[in-house]
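Got the viewer open? Let's take a short walk through the model, one selection at a time.

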Amino acid sequence: MSRESFDRELQELKRSLFQVTSEVRKNLAASVKYLDKRDMQGAAMIIESDEIINLKCLEIEEQCLNIIATQQPVATDLRLLFSVLQISTEIERIGDYAKGIARISQKIGPGKLIKPLTSIPRMQEIAGQMLDDAIRAFTEDDEKAARNIPARDLQIDVLYNQVHRELITFIMEKPSNIEQTMMLDWVAHNIERVGDRVVNICERVIFTVTGIPVDLN
Amino acid sequence: METERTENTRMMTENFSLFYGSFKALNNITIKIPANRITAFIGPSGCGKSTLLRSFNRMNDLIPGVITTGAVFLDGGDVAREDVVQLRKKVGMVFQRPNPFPKSIFDNVAYGPRLHGTKNRSDLAVLVEKSLKRAALWEEVRDDLHKSGMSLSGGQQQRLCIARAIAIEPEVILMDEPASALDPVATLKIEELMNELKKNYTIAIVTHNMQQAGRVSDYTAFMLTDEKRAGNLIEIGPTKQIFTTPSDSRTEDYISGRFG
């Protein structure tokens, strides 16, 4: 016996999660791009679109609750739903980090940055790729991929430390740079946190597939 | 053969097979039923779970042509060697449909103790009250003990049958789908009652309702027929584990409703 409508609901749920993740992924990349290009309109668009992302995450939560209430899922199905709930929270927070970067961009204003961005876009690329791969691992139940992705978080951490040290030298050279320097440090910090959130998603993928809770951080 | 008596195993089977004539209905089942716990048997129709349950107090002896191999133990003793009346005093049974005797509520509960030699009216009254209290029925019938057991509602009748089963102080209570003929409220009452009863008794329950197995049991055993239609034990484990991370994919398919 199969449970076609139930299986369809689970697939739809995975698809919804995948879609909202794509939007968050786009916002994350765009937030750093608009910061680099000093695009104030772009930053405003990100902030606005985050509202929609939040609503979509709430819809996913509601879908999960409806399925739990009506289908009495157990075992893998139950773990999947539990993971979707947790991953959607992680995705929603990653969306907030992108919005945070857009806000910082607005605060810095349209003028030139104290330095061209180099390591921060690189951090974003790694974190974004990790996010893509993690959500793919989730939709494909790929435990192996989920175990391999977190190693890349170390590269982000290394880059973050590098950015942090570099920005401190900027402050020492010219103390009047302090405000913008601290804001850029905050941008780098936001991306560093994205890496950690993606690691959490990988943990959820492993839990969904194996039933064993793991701590990869 | 005596098995080593362990502290927490009340009943067990060892390489137990059961045949109806030449048809093998149970295949080589080895299982432990822990004391003061509720063990639920789940599986599709015809998987042998009721047959196994009925083997615990030799109810299958009544069916002509039944042959068994292996053994069933109660407290380490082979049940095949017990006097069957004594065995069924220790291992009571509650059936799917409430089956009170066409007697008064009092006489339904007093029936077993009388059969086993308790004649004194006041001793019986104490036993009846205690049993009805344990079966969570006392408050509802205390003023109507002379009324017919058949006059009660379905849920009350089933609790009366439970009171009748525990009046003879069994060690184990076997329940074969005890709530499948009851409405949701009466079902919940029976489930609550089971939780109370396990303090004093060991309970084994057959149920088709997986949510019920999940709600009430401490251990869940999953059974399935093989290609020759013989019932096999696929796995037994703590209910939480069976319902979150079963180790056999057949269990997963069944409990998640994709099979059977």
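Partly exposed here means a relative accessible area between the buried cut-off, under 20%, and the exposed one, over 50%. Keep that in your pocket, and remember that this is a predicted model.

**Stop 1: a residue on a strand.** Select B:Thr69, which sits in strand S4 of chain B, residues 66–74. Is B:Thr69 buried or exposed? Neither quite: its relative accessible area is 37%, and because that value falls between 20% and 50%, the label is partly exposed. Now show what B:Thr69 touches: beyond residues up to four places away in sequence, the list is B:Asn15, B:Phe16, B:Ser17 and B:Phe19. Then draw a C-alpha to C-alpha distance from B:Thr69 to B:Asn27; you should read 9.5 Å, for a pair 42 residues apart in sequence.

**Stop 2: a residue in a loop.** Next, pick B:Asn57, in the loop that links helix H1 (49–55) to S4 of chain B. With a relative accessible area of 1%, B:Asn57 is buried. Which residues does B:Asn57 contact, leaving aside neighbours within four places in sequence? Light up B:Leu87, B:Arg88, B:Val91, B:Met93 and B:Leu174.

**Stop 3: zoom out to chain B.** Colour by secondary structure and you'll find 10 helices and 10 strands in chain B. The radius of gyration of chain B is 18 Å, close to the 18 Å from the globule rule for 260 residues, so chain B is as compact as a globular protein of that length. Along the principal axes, the C-alpha trace of chain B spans about 55 × 40 × 35 Å.

Switch to a surface: chain B exposes about 11,800 Å², with carbon and sulfur atoms supplying 49% of that. Of the 260 residues in chain B, 53% count as buried. If you plot a contact map, take the contacts in chain B with a separation of 6 or more: 69% of them join residues 24 or more positions apart. For the electrostatics-minded, chain B carries 33 positive and 31 negative charges, and the mean positions of the two sets are 3 Å apart.

**Stop 4: over to chain A.** Select helix H4 of chain A, residues 119–139. Its 21 residues should span 30 Å at 1.5 Å a residue, and the end C-alpha atoms are 30 Å apart, so the two agree. Of those 21 residues, 15 are buried, so H4(A) is largely enclosed by the rest of the structure. Last click: A:Asp141, which follows H4(A) and has a positive phi, near 50°.

Notes: Residues numbered from 1 in each chain as written. Chains lettered and ligands numbered in written order. Predicted model: local features only at pLDDT ≥ 70, side-chain atom pairs only at ≥ 80, totals over all residues. Heavy atoms only, no water. Helix = DSSP H or I, 4+ residues; strand = E, 2+ residues; numbered from the N terminus. Rg over C-alpha atoms; globule rule 2.2 N^0.38 Å. Buried < 20%, exposed > 50% of the residue type's maximum accessible area, 1.4 Å probe, protein only. Contact = heavy atoms within 4.5 Å. Areas by Shrake-Rupley, 256 points an atom, 1.4 Å probe, with all protein chains shown as cover. Lys, Arg positive; Asp, Glu negative; His and termini not counted. Charge placed at Lys NZ, Arg CZ, Asp CG, Glu CD. Expected span 1.5 Å × (residues − 1).
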